[in-house]
Amino acid sequence: MTDPTSPALPRVPAPILVLDIGRSRCRITDADRRATVVVDSGVSLSDRGGVERLGTLVDRAVRAWSVAAQAPPPSSLHGLGVATTGGMQTPGAARALADRLAAAWPTADVLVTGDVVAAHAGALAGRPGVVAIAGTGAVALGMRGDGTSVVVDGHGPWLGDDGSGHAVGRAGLRAALRHHDGRPGGSGVLAAAAREAFGPLDQLAATIHVSATPARDVAAFAPAVAAAARGGDPVADATWDDAAAALARTVTTAVDAVSATVLGLRGTLFDLDDLVTDRMLAAVADTHPALDVVSAAGDALDGVLALLDTTDAIHEPLVVRAIPTTTGAPVPAAASPHARGEAP
């Protein structure tokens, strides 16, 4: 029997966890950002089996977070927000993932959206405008103040993602193979780098084709292309020129579609000022000299946290929610057509 005079044990509140899942990595943190953990991803919601694989990835990331936070694995969550590659392009899969996560965490408010939506919400702090993301993939999201939106590119490594890390890595590997074959347009510098990274070049195609994560493996060659360009290799430098031009076309298309006056940039490629950002912004300025390029107010994790906290953001039509009932059984939120699995 409990002694009524003894002090009550402190109650540990159920945490709020948010995840930003790209093709290469997954980041997870809590509402206070006291522990942020990075784990390998290798999956998109638009991949075959993406819902199941992402569900497993979320479980693994939550366990990794609990270790980093020096806390036991949470038995319940107050909120769980997931921003993932493919979340906008496959609304039916986003609905299925939200339902799966809600079943696993029945006490949590669950939110699923695209990584570009979360990046937009974080970078512009909920304001309208365009946000471009360039990492393994590449995409731009333009938002008007009334919640209407346009997505430019983000079509994945085989059909789109122009100017992305994957596109640069692929161009670099193709130049390496041209040199290996003796064809024009090759690069001995890139051939040597590819040989060091992947082994014999006559086996390179087979190595990529049998990989479980071919897009990530190809994108991982982009730093070698950067090193070659900075070392004076003209083929590598031209590859970055092409990437910057492609990203400029993506950005200006989104800007024109929503009459945007503000642009924010996110993603690892935009850390390469000399190779990507400066060249891209110069091209954008040729046609849009008055565009205000702003420093990002926050990242995609900040964006997911903000979207979990309100249903009034301009991004709400691009969000899928599952809200717990008082009995603990989750029910889908009656929200936008996107949340019901229809095209936005």
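Visitor: How many bridges join strand β2 to β3?
Guide: This is a predicted model, where local features need pLDDT of at least 70, side-chain atom pairs count only at pLDDT 80 or more, and totals for chains, interfaces and linings use all residues. Residues are numbered from 1 along each chain as its sequence is written, and side-chain values use heavy atoms, without hydrogens and water. Strands (E, at least two residues) and helices (H or I, at least four) are DSSP runs numbered from the N terminus, and two strands pair if DSSP finds at least two bridges between them. Strand β2 (residues 25-30) runs antiparallel to β3, and the bridges joining them number five.

Visitor: Which residue in the turn of this hairpin has a positive phi?
Guide: Five residues lie between β2 and β3. The phi in question is about 55°, and the residue is Arg33.

Visitor: Which side chains of β3 are buried?
Guide: Buried means under 20% relative accessible area, exposed over 50%, and partly exposed in between, with a 1.4 Å probe and protein chains only. Along β3 (residues 36-40) the side chains alternate, and Thr36, Val38 and Asp40 point to a face where they are not buried. Those on the other face are buried: Val37 and Val39.

Visitor: Which helix gives the most to the largest nonpolar core?
Guide: A nonpolar core is a set of buried Ala, Val, Leu, Ile, Met, Phe, Trp, Tyr and Cys residues joined through side-chain atoms within 4.5 Å. The largest has 45 residues, with Val130 and Trp240 among those with the most contacts inside it. Ten of its residues come from residues 234-258, helix α9.
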